[in-house]
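Please open the model in your viewer and keep the sequence beside it, since this tour moves from the whole chain to a few chosen parts.

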Amino acid sequence: MPPKLSLSSTIRLASGYSMPLLGFGVYQTPASICQSVVSTALTTGYRHIDSATAYHNERACALAIAASPLPRSSIFFTTKLPPKRRGYDRTVASIDRVLRENPELEGYIDLYLIHAPYGSSADRLGQWRAMVEAQKAGKIRSIGVSNYGVQHLEELKKWQSEQEDGGVLSVGQWELHPWLQRRDIVDWCRREGVVVQAYSPIVRATRQEDPLLVPLVEKYRKTPAQVLIRWSLQMGFVPLPKSVNEDRIRENADVFDFELTEEEVKALDTGKYEPCCWDPTKEKI
């Protein structure tokens, strides 16, 4: 019987580090309020913050981490290489900038992702090479990708096989929910030992009245968001819900006192392709 999940549950990454199973996203969270929002999340019990250079709120996240009574080592911080900063040199500069401008991170980023697979093959592989070097230098603990299609993942895998040390792909991040399950990508990751993160796990609150959710909301006396986050956890994903509302931040973490049945999880398998965000996985090689 698998261990009971809790807000303190973690998953071991291929890098050897552990990552909290529930993350807190800050996409589109204005920098002016982000520090307060992240502080609320940390007080609630989240220990995993998902930011990106393109969100323009890394600084606010770092300040919230520093203001917390928690040790830096207990907080897992993710950021991402911006889609327009392509190639080896710009990746080196981007990583160094994050650490230089945010000394509160104490010299390392827990997880660094390529935000999207845009650009040429040489760009993508140069970005990865820079990340591997930064990891060896202790600037990054784990590395991964976001929004990669199987074609991009296979490109990286082939390059790694040709290197003496091509690095370890620990994490992949995608939009994932019952209306966008990406079986080809998820299956690839499971075969390769890559942990899958799910952004927009609550579908940007666009499915609140969906007939698939209503009976589960009534049965468990939970919000639609809580049901969707729980589904994501039971699918083996690491969900990254986001909110700027204090009550919803707390609600989204309150998903460990109920469990969907196997039949209920299967019933949420819609087989549909209905993204609520961008989809760079379709980008050609």
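Helices of at least four residues and strands of at least two are taken from DSSP runs and numbered from the N terminus. By that count the protein chain, which is a predicted model, has ten helices and ten strands.

Begin with the whole chain in view, where the C-alpha atoms fill a box of roughly 55 × 40 × 35 Å along the principal axes. A compact globule of 285 residues would have a radius of gyration near 19 Å, so the 18 Å of this chain agrees with that expectation. Buried residues make up 54% of the 285, and of the contacts with a separation of 6 or more, 77% are between residues 24 or more positions apart. If you colour by charge, you will find 36 positive and 35 negative side chains, with the centres of the two sets 2 Å apart.

Next, select helix α2, residues 58–67, and show the side chains of its buried residues, which are Glu58, Ala60, Cys61, Ala62, Ala64 and Ile65. Which elements do the buried residues of α2 pack against? Add α1 (31–44), β4 (48–50), β5 (76–81) and α3 (88–101) to the selection, and you have these packing partners in view.

Now move to strand β9, residues 195–199, where five of the five residues are buried. Val195, Gln197 and Tyr199 point one way from the strand, whereas Val196 and Ala198 point the other way.

Finally, add strand β8, residues 169–175, which runs parallel to β9 and is joined to it by five bridges. To find your place along the pair, select Gly172, which stands opposite Val196 of β9.

Note on methods. Residues numbered from 1 in each chain as written. Predicted model: local features only at pLDDT ≥ 70, side-chain atom pairs only at ≥ 80, totals over all residues. Heavy atoms only, no water. Rg over C-alpha atoms; globule rule 2.2 N^0.38 Å. Buried < 20%, exposed > 50% of the residue type's maximum accessible area, 1.4 Å probe, protein only. Contact = heavy atoms within 4.5 Å. Lys, Arg positive; Asp, Glu negative; His and termini not counted. Charge placed at Lys NZ, Arg CZ, Asp CG, Glu CD. Pairing = 2+ DSSP bridges.
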